[in-house]
Amino acid sequence: CACVCACLRACMCACVCACLRACMCACVCACVHVCMCAYGYSSLTCLQLLQASPLVYSRLEKMNSVCLNRFARWFAYHLSNFKYQWDWSIWSSCLDASADHPSIRFVSEVIARCIRLSCYEEFIELVPSHFSELIPPEPLPQFKYSEENGVALPEYSLSIQLLEAIRSKESTEKLSAILDSLPTVCTELEGNDAALLEMKVSLLTHCVLHVGSKTISHCTLALHKFRPLFLELLKSDTAKLTCLKSAAEFYATNPQLLTLVVDKMLRMQIVDSIAVIEWLATPQVVPLYTRQFVWDTVDSTLLKQNRAYAQANRELADVREELRKVSDLDAVALGGETRQDLERKREVVEEKVEECERTHMDVFVALCRNLVRLLSSHLVTCALEKEDHETPWFHCTLDCLRQLLVQNYSSFVRYLSTLESTVFTPNVDSRILDVFIQTQALV
């Protein structure tokens, strides 16, 4: 902001920089670095950044995966403020490394985030041609029922009817009738209710996202408009999981929009947090744990649960404070109605707090359980096949599990006994259990 920039221009000394690094969040520090480079104090700062970046890059192999992702996020943001001017030849050595090497992951993440902050066509022209293999595919929607891909599908004709009905602003009942006619075009699924429901959910999700694929605002409006139809179909955990899988198919080349759409679905209660956690543990997503968008989705899901729980506790505290202020004289004068109303309100809010805490615990414990299960399965598989378990996937997942427990320390302390008895049991491999023990030592 203007006042920060004015202060920086007035006194750009080492102590101020130290205070900024120590006290401000990562976002503010990134903005401060940009301001320092943009104004007349850029010579020393830019020189330090120029020297520090290659030094940090050279130590990526020994860096915690969470720190690697933070470095990539900051570096992409910094480049976006200076027209993406960078000597890419400094990173040419990564092209000779294996596909899962930390340097490849870092450069790929920087390029992906730069594309998110700019235009795909313009940015790829700035990257040298020999880095083309690290450039992700163009982030275009992958509509399952397009003319190029979906003509051979039995439900293709039904998808055309559904799209026409959506664009004609037909009623929800009309759209529901079209979906109910699915057995007539997929006769082999007749009588198989589970398969029919899965196809209905996939068909509806793809068509709604396709209609709203122009911008994220269009997508939000489309999801909001057809929310009643989603709620009608997504009554089971399997249906919610199918919806998330279909969204992941549609945005297979655009993880940024996938994260945003999952967030929108959570806000509209089309899917719940447990469904998102279970989707993140599916075989389609697990290999992508080395990519940051997976953990962005985890953070977003937990943040919503934390906020809901905090909001419910604030409401309960307010009601209790109101009850404390109501004297016996007030209660007598008003026939006890005020106190009775507040007592009933407190009971309702207490039930809400209990429900929020129960949901919060279920989500947090389920996430930890899935990560421990996947890590344990990896170790067992590597032992049976006599392979080295020290893979980038293992290190990244273990580092993110550690970050998850530390970052959500209050939740960790609150559910410590449940985690110890159901997730981090003595049967868990010591390499995984050490993460729990180290976090527990902070209690």
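The following questions and answers walk through a predicted model of one protein.

User: How many helices and how many strands does the protein have?
Analyst: In this predicted model, the secondary structure can be described by counting helices and strands along the chain. The count for the protein comes to 23 helices and 0 strands.

User: What percentage of the residues of the protein count as buried?
Analyst: A residue is taken as buried when its relative accessible area is under 20%. Applied to the 443 residues of the protein, this cut-off gives a buried share of 43%.

User: What share of the exposed area do carbon and sulfur atoms supply?
Analyst: The area that the protein exposes is about 23,300 Å². Of that area, the part supplied by carbon and sulfur atoms is 56%.

User: Among contacts with a separation of 6 or more, what percentage is accounted for by residues 24 or more positions apart?
Analyst: The contacts considered here are those in the protein whose partners have a separation of 6 or more. Within that group, residues 24 or more positions apart account for 70%.

User: Which residue is separated from P139 by 4.7 Å between C-alpha atoms, although the two are 115 residues apart along the chain?
Analyst: P139 is placed in the loop between α7 and α8, and at 29% relative accessibility it counts as partly exposed. Leaving aside neighbours within four places in sequence, P139 is in contact with Y120, T253 and N254. Of these, the residue whose C-alpha atom is 4.7 Å from that of P139, at 115 residues along the chain, is N254.

User: Is E122, a member of the negative surface patch, buried or exposed?
Analyst: The negative patch on the surface is formed by E121, E122, E125 and E138, and E122 itself has its place in helix α7, which covers residues 120–126. Because its relative accessible area is 57% and the cut-off for this class is over 50%, E122 counts as exposed.

User: Why are D263 and R267 separated by about one helical turn, and what is the N to O distance in their salt bridge?
Analyst: The two residues are about one helical turn apart because they lie 4 residues from each other in helix α15, residues 255–267. Their surroundings can be described separately, since D263 counts as buried at 13% relative accessibility, whereas R267 counts as exposed at 54%. The side chains meet in a salt bridge with an N to O distance of 2.9 Å.

User: How many residues apart in sequence are the parts that the pair E350 and R320 ties together?
Analyst: E350 forms a salt bridge with R320, and their closest N and O atoms are 3.5 Å apart. E350 lies in helix α19 (residues 337–384) and R320 in helix α17 (residues 292–325), so the pair ties together parts of the chain whose separation in sequence is 30 residues.

User: What is the N to O distance in the salt bridge of E343 and R346?
Analyst: E343 and R346 are 3 residues apart in helix α19, so they are separated by about one helical turn. E343 is partly exposed, with a relative accessible area of 25%, and R346 is partly exposed with 26%. Their side chains meet in a salt bridge at 2.5 Å.

User: Which residues are linked with R73 in a network of salt bridges?
Analyst: By the rule used here, the count of salt bridges comes to 13. Some residues are linked in a network of salt bridges, and the residues joined with R73 in this way are E109, R113 and D296.

Key
Residues numbered from 1 in each chain as written. Predicted model: local features only at pLDDT ≥ 70, side-chain atom pairs only at ≥ 80, totals over all residues. Heavy atoms only, no water. Patch = residues over 30% accessible without salt bridge, like charges linked within 9 Å, V, L, I, M, F, W, Y side chains within 5 Å. Areas by Shrake-Rupley, 256 points an atom, 1.4 Å probe, with all protein chains shown as cover. Salt bridge = Lys/Arg side-chain N within 4 Å of Asp/Glu carboxyl O. Lys, Arg positive; Asp, Glu negative; His and termini not counted. Charge placed at Lys NZ, Arg CZ, Asp CG, Glu CD. Buried < 20%, exposed > 50% of the residue type's maximum accessible area, 1.4 Å probe, protein only. Contact = heavy atoms within 4.5 Å.
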